[in-house]
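Biologist: Could you take me through one part of this model slowly, the paired strands and whatever gathers on their surface? I would enjoy a connected account, with a look at the neighbouring topics once that part is clear.

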Amino acid sequence: MEENKKTIINRLAAVKSKSGKSCSQIAEQTGLTNVYVAQLLRRQAQLNPDTAPKLRAALPELPEDLLQEMMRPPMRSYDPNLIQDPCVYRLNEAVMHFGESIKEIINEEFGDGIMSAIDFYCSVDKVKGVDGKDRVVVTFDGKYLPYTEQVHGLLIL
């Protein structure tokens, strides 16, 4: 990750920390998902100018230069060492373990295609299980994109 991006992310983290708010609390105030708020604060998503006033209201100490930076298209990247974090590793493991079955059901329900990671919503929720213990609910909500037959000069859907 380039140094400038690290500096910006650290500054954004400091603003969030000073606010005392969680990503879920900021999400409630802005109408965004909690994961999208986290993506914005990690410069993995672009802030919509129409949403900027809501974010400024939720984080009043957010300086103008950071707000402007957040409205620029980000360089979406990740540290390859991130997979070593136990939480990220387990999320990856869960997707890999269930991936073939999820793909099979997508194909059965929709046909030959994929779930978009561009037209995509993601949230994390905390619920109580039937045993009363805390459970993590991760929701992936992506637009279905069918594969298309490639015909010379025509696009057939």
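**The hairpin and its nonpolar patch**

Modeller: Gladly! β1 and β2 pair in the antiparallel sense, and the pairing runs over twelve bridges. Please keep in mind that this is a predicted model. As one example of the register, Val 127 has Arg 135 of β2 standing opposite. Five residues lie between the two strands, which together form a hairpin. In that turn you will find Gly 132, with a positive phi of about 85 degrees.

Now for the surface. Leu 91, Val 95, Met 115, Val 124, Val 136, Val 138 and Phe 140 make up a nonpolar patch there, and their accessible area together is about 590 Å². At least two residues of this patch come from each of α6 (86–110), β1 (113–128) and β2 (134–146). β2 gives the largest share, three residues. Phe 140 is a good residue to click on: its place is in strand β2. Is Phe 140 buried or exposed? The answer falls in between: Phe 140 counts as partly exposed because its relative accessibility is 45%, and the partly exposed class lies between 20% and 50%.

Since you asked for neighbouring topics, let me turn to the cysteines. The count of disulfides comes to zero. Cys 23 is in none, and its nearest cysteine sulfur, that of Cys 122, is 12 Å away. Cys 87 is likewise in no disulfide, with the sulfur of Cys 122 again the nearest cysteine sulfur, 12 Å away. For comparison, a disulfide would need the two sulfur atoms within 2.5 Å.

Cys 23 also leads us to helix α2, which spans residues 23–30 and has Cys 23, Ile 26, Ala 27 and Thr 30 as buried residues. These residues cover an arc of only 105 degrees around the axis, so they sit on the same side of α2. Just after α2 comes Gly 31, with a positive phi of about 85 degrees.

Helix α3 can be read in a similar way. Within its residues 34–41, the buried ones are Asn 34, Val 37, Leu 40 and Leu 41. Looking down the axis of α3, you would see the buried residues fall within an arc of 115 degrees, and therefore they line one face of the helix. Arg 43, just after α3, takes a positive phi of about 55 degrees.

To return to your starting point, the picture to keep is a hairpin of β1 and β2, with both strands and α6 supplying residues to the nonpolar patch.

Conventions
Residues are numbered from 1 along each chain as its sequence is written. This is a predicted model: local features need pLDDT of at least 70, side-chain atom pairs count only at pLDDT 80 or more; totals for chains, interfaces and linings use all residues. Side-chain values use heavy atoms; hydrogens and water are left out. Patches are made of residues with over 30% relative accessible area and no salt bridge: like charges are joined within 9 Å, nonpolar side chains (Val, Leu, Ile, Met, Phe, Trp, Tyr) within 5 Å. Accessible areas come from the Shrake-Rupley method with a 1.4 Å probe; for residues, only the protein chains shown count as cover. A salt bridge is a side-chain nitrogen of Lys or Arg within 4 Å of a carboxyl oxygen of Asp or Glu. Helices (H or I, at least four residues) and strands (E, at least two) are DSSP runs, numbered from the N terminus. Buried means under 20% relative accessible area, exposed over 50%, partly exposed in between (1.4 Å probe, protein chains only). The arc is that of the directions from the helix axis to the C-beta atoms. Two strands pair if DSSP finds at least two bridges between them.
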